[in-house]
Amino acid sequence: MEKIINGFPFVEYTKESYDEKEMLEKSAAFLSYMDKRRSVRAFSTKPVPKQVIENLIRTASTAPSGAHKQPWTFCAVSNSSIKTAIREAAEKEEYESYNGRMAPEWMEDLLPLQTDWHKEFLEDAPWLIIVFRRSYEYGAGNTKKNNYYVQESVGLATGMLLTAIHHAGLVALTHTPSPMGFLSGILNRPENEKPFLLIPVGYPADDCYVPKLHRKPIESIAAFYE
Ligand code: IYR
């Protein structure tokens, strides 16, 4: 059903609700499913079909955004020379970060993850999805048109991307080479797009270990006011 409200088209919302028992079961099952998602740093080189990546990106793009501006661009790279260029540029920055640019406290906080400046995953993973935030759009005559809550919107879309990746049985890493301006150059992105996150996507390597982490209990992450 469609109707016009103050001159703007609306469609009837299609309900998706369950009885309380079903809701409890579904929410608990989804929790235990999502709890298995982990950031992975050891990737298999096994290819992933482009159609799957397209579906993941389209899922991410269902995220809410400020004034529905959808202020994101997802660049999906499987081209091996571009992956190599990204790895080389990222490792150059990361080498500097791990050799003096990161404060001692930061280095210490990273110890349990055992990361370093080597980024093999940037070549091993079959796809790199580089998320760009679009700070503004170009209007007629090259004028700038505002986007709103860009960081929040792109953060939400990226969260949904990670959920979709996990749901497809694949793994990902939210990688933040810093600074990451080199991505705009390598991918030839326009001035209104700024790199947000670099996400290798693929299958885990055969011998894949992840840090033994603990999730904060509900008492530490939530406050209920009933
Ligand atoms: N960007 C570096 C360092 C790093 C920073 C944080 I915060 C992490 O959670 C993990 C790593 C790197 O990717 O190695």
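In sorting residues by class, Ala, Val, Leu, Ile, Met, Phe, Trp, Tyr, Cys and Pro count as nonpolar, Asp, Glu, Lys and Arg as charged, and the others, Gly among them, as polar. By this scheme, the shell around the ligand consists of four nonpolar, two polar and three charged residues. The structure described here is a predicted model.

The residues that surround the ligand are R41, E94, Y98, W106, L110, L113, K119, H175 and T176. Among the helices and strands, α3 and α4 are the elements that give two or more residues to this shell. Polar contacts to the ligand involve both side-chain and backbone atoms of the protein. In the side chain of Y98, an N or O atom is placed 2.5 Å from an oxygen atom of the ligand. H175 also contributes through its side chain, with a polar atom 3.1 Å from an oxygen atom of the ligand. In the case of T176, a backbone N or O atom lies 3.0 Å from a nitrogen atom of the ligand. On its own, the ligand has 370 Å² of accessible area, of which the protein covers 72%.

The ligand takes up the space of the largest pocket. The volume of the largest pocket is about 330 Å³. Its lining is formed by 18 residues, and E94, Y98, W106, L110 and T176 are the closest to the pocket centre. Two elements, α3 (80-101) and α4 (104-110), each give two or more residues to this lining. The largest share, four residues, is supplied by α3. In terms of class, eight residues of the lining are nonpolar, six are polar and four are charged. Y98 thus appears in two descriptions: its side chain makes a contact of 2.5 Å with the ligand, and Y98 is one of the residues closest to the centre of the largest pocket. T176 is likewise listed among the residues closest to that centre, while its backbone provides the contact of 3.0 Å to a nitrogen atom of the ligand.

The second largest pocket has a volume of about 250 Å³. It is lined by 17 residues, and those nearest its centre are R41, A42, Q114, T115 and F121. Its lining comprises eight nonpolar, four polar and five charged residues. R41 is among the residues nearest the centre of the second largest pocket, and R41 also belongs to the residues that surround the ligand.

Methods. Residues are numbered from 1 along each chain as its sequence is written. This is a predicted model: local features need pLDDT of at least 70, side-chain atom pairs count only at pLDDT 80 or more; totals for chains, interfaces and linings use all residues. Side-chain values use heavy atoms; hydrogens and water are left out. On a 1 Å grid over the protein atoms alone, a cavity is a set of points where a 1.4 Å probe fits but cannot get out, and a pocket is an open set with protein on both sides within 12 Å along at least five of seven lines; lining residues have an atom within 4 Å of a point. Grid points are joined across faces, edges and corners, and a volume is the space filled by probe spheres set on the points. A residue is near a molecule or strand if one of its heavy atoms lies within 4 Å of it. A polar contact is a pair of N or O atoms within 3.5 Å; within protein, one must be able to donate a hydrogen and the other to accept it, and residues adjacent in sequence count only if both atoms are side-chain atoms. Accessible areas come from the Shrake-Rupley method with a 1.4 Å probe; for residues, only the protein chains shown count as cover. A molecule sits in a cavity or pocket if more than half of its atoms lie within 2 Å of its grid points.
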